[in-house]
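Let's take a relaxed walk through this structure, from an enclosed space to the surface and on to a few backbone details. Have the 3D view open as you read.

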Amino acid sequence: MVIEGFILVLSCLGVIQALFLCFYLFTLKKGNIKANIFLALVLLGLTIRIGKSVFHNYIEVDPRLRNLAISTILAVGPFLWFYAKALFEKQQTFSNQHYIHLIPFGLFVLCSPFIPNNGDVLSFVAYSLTLLHFGIYLFICWKTILKITNDTNPQLLKWYRNIVVGVSLIWALYVGIFLRLIPFYILGAISFSFLIYMFSYLLLKRHVFALEKYSNSKIDRETSKELLHRVKELFENEKIYLDSAISLKTIAEKLSVPSRELSQVINENEQKNFSEFVNHFRIIKAKKLLVDSEYALEKIATIAYDCGFGNVTSFNLAFKAETKLTPSQYRTQYSAA
């Protein structure tokens, strides 16, 4: 009884969290808005389908309502593919030809009162076709991933690939349940909950929408890499990071590039903001000084200032974030080595 209650709570929490994310994406007014809407529709379709599983596992749901919930997976596949086109091709306008892909979904919704859902042969065929349809679009999404060139932002590609992996896993679980290879019907809902919370974690940690603020940028991958190389050369040759007053605008002016482009280049290639990027160089120098015999008697504060940090607190926080050790711990551990 306790286990059943725990499973119910876990499944319901996943559905609630997914609905919250859908609302967030629908109302997000920055970045690639069209892509955000398609992703929200993917999540909404899965949430309705999973929600049906949760309720049906504990209470009897009317066959017509079950069919309406099942119909949503006929929309998830096309919207997942549309999301890729909006994300990588920056496609903001979709013609009527694209929305033809939603015809099976519309037909299933219209016919839901008449489609059998009582465990007979026709019910088996109907559900088989919906899973097959979903599988075909997952195949198309994987082909899209494989066709993506090196010009694509690697972080966006990784983000989309993770989403497709998660959706494919849910599809595979439901296929296994349908074929009775997996005996636990509620397993699909439980897996969905874990995936939703993982998705939420990634979104909060360093999610794709932070990168999508550059969706209208014209800078290509080769130019981006070349500019990053110039930035690193400037840092290594002129030690400009030792200046505690360094700013994005200062570096951009030195390189004669817009600040926005410089920020994009660092974000996309290093997965760091400007402050983190600068601190990385400072910490490299700090690690050398901490084990340098000439600095053995120097205070941590002195090393912090010599490396360009404005205060000891920011030095300690940045150092531990990158090395998992405090400066004092690092000095003790590696000076003795």
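What is the volume of the largest cavity? In this predicted model, the largest cavity has a volume of about 70 Å³. The structure holds one cavity of 30 Å³ or more.

**The cavity and its lining**

If you would like to select the lining in your viewer, pick L46, R49, I50, I73, Y127, L131, F134, I170, W171 and Y174. The elements that each contribute two or more residues to this lining are α2 (33–58), α7 (121–147) and α8 (154–178). Sorted by class, the lining of the largest cavity is made up of nine nonpolar residues and one charged residue, with no polar ones. Arg counts as charged, and R49 is among the lining residues.

**A nonpolar patch outside**

Now turn to the surface. There, V121, F124, V125, L129, L132, I136, L179 and L181 form a nonpolar patch. Together these residues have about 800 Å² of accessible area. One member to look up is L179, which sits in the loop between α8 and α9 (187–206). Is L179 buried, partly exposed or exposed? L179 counts as partly exposed because its relative accessible area is 46%, and that class runs between 20% and 50%.

**Two loop residues with positive phi**

Next come two backbone angles that may catch your eye on a Ramachandran plot. S256 has a positive phi although it is not a glycine, and K324 is likewise a residue other than glycine with a positive value. The table gives their places and values.

| Residue | Phi | Loop | Relative accessible area |
|---|---|---|---|
| S256 | about 55 degrees | between α12 (248–255) and α13 (259–270) | 66% |
| K324 | near 70 degrees | between α16 (312–323) and α17 (327–335) | 61% |

S256 is exposed because its relative accessible area of 66% is over the 50% cut-off. K324 counts as exposed too, at 61% relative accessibility.

**A buried alanine and a distant partner in sequence**

Our last stop is A18, found in helix α1 (residues 2–27). Why is A18 classed as buried? A18 has a relative accessible area of 0%, and buried means under 20%, so A18 falls in that class. A18 and F199 are 181 residues apart along the chain, and their C-alpha atoms are separated by 9.5 Å.

Notes
Residues are numbered from 1 along each chain as its sequence is written. This is a predicted model: local features need pLDDT of at least 70, side-chain atom pairs count only at pLDDT 80 or more; totals for chains, interfaces and linings use all residues. Side-chain values use heavy atoms; hydrogens and water are left out. On a 1 Å grid over the protein atoms alone, a cavity is a set of points where a 1.4 Å probe fits but cannot get out, and a pocket is an open set with protein on both sides within 12 Å along at least five of seven lines; lining residues have an atom within 4 Å of a point. Grid points are joined across faces, edges and corners, and a volume is the space filled by probe spheres set on the points. Helices (H or I, at least four residues) and strands (E, at least two) are DSSP runs, numbered from the N terminus. Patches are made of residues with over 30% relative accessible area and no salt bridge: like charges are joined within 9 Å, nonpolar side chains (Val, Leu, Ile, Met, Phe, Trp, Tyr) within 5 Å. Accessible areas come from the Shrake-Rupley method with a 1.4 Å probe; for residues, only the protein chains shown count as cover. A salt bridge is a side-chain nitrogen of Lys or Arg within 4 Å of a carboxyl oxygen of Asp or Glu. Buried means under 20% relative accessible area, exposed over 50%, partly exposed in between (1.4 Å probe, protein chains only).
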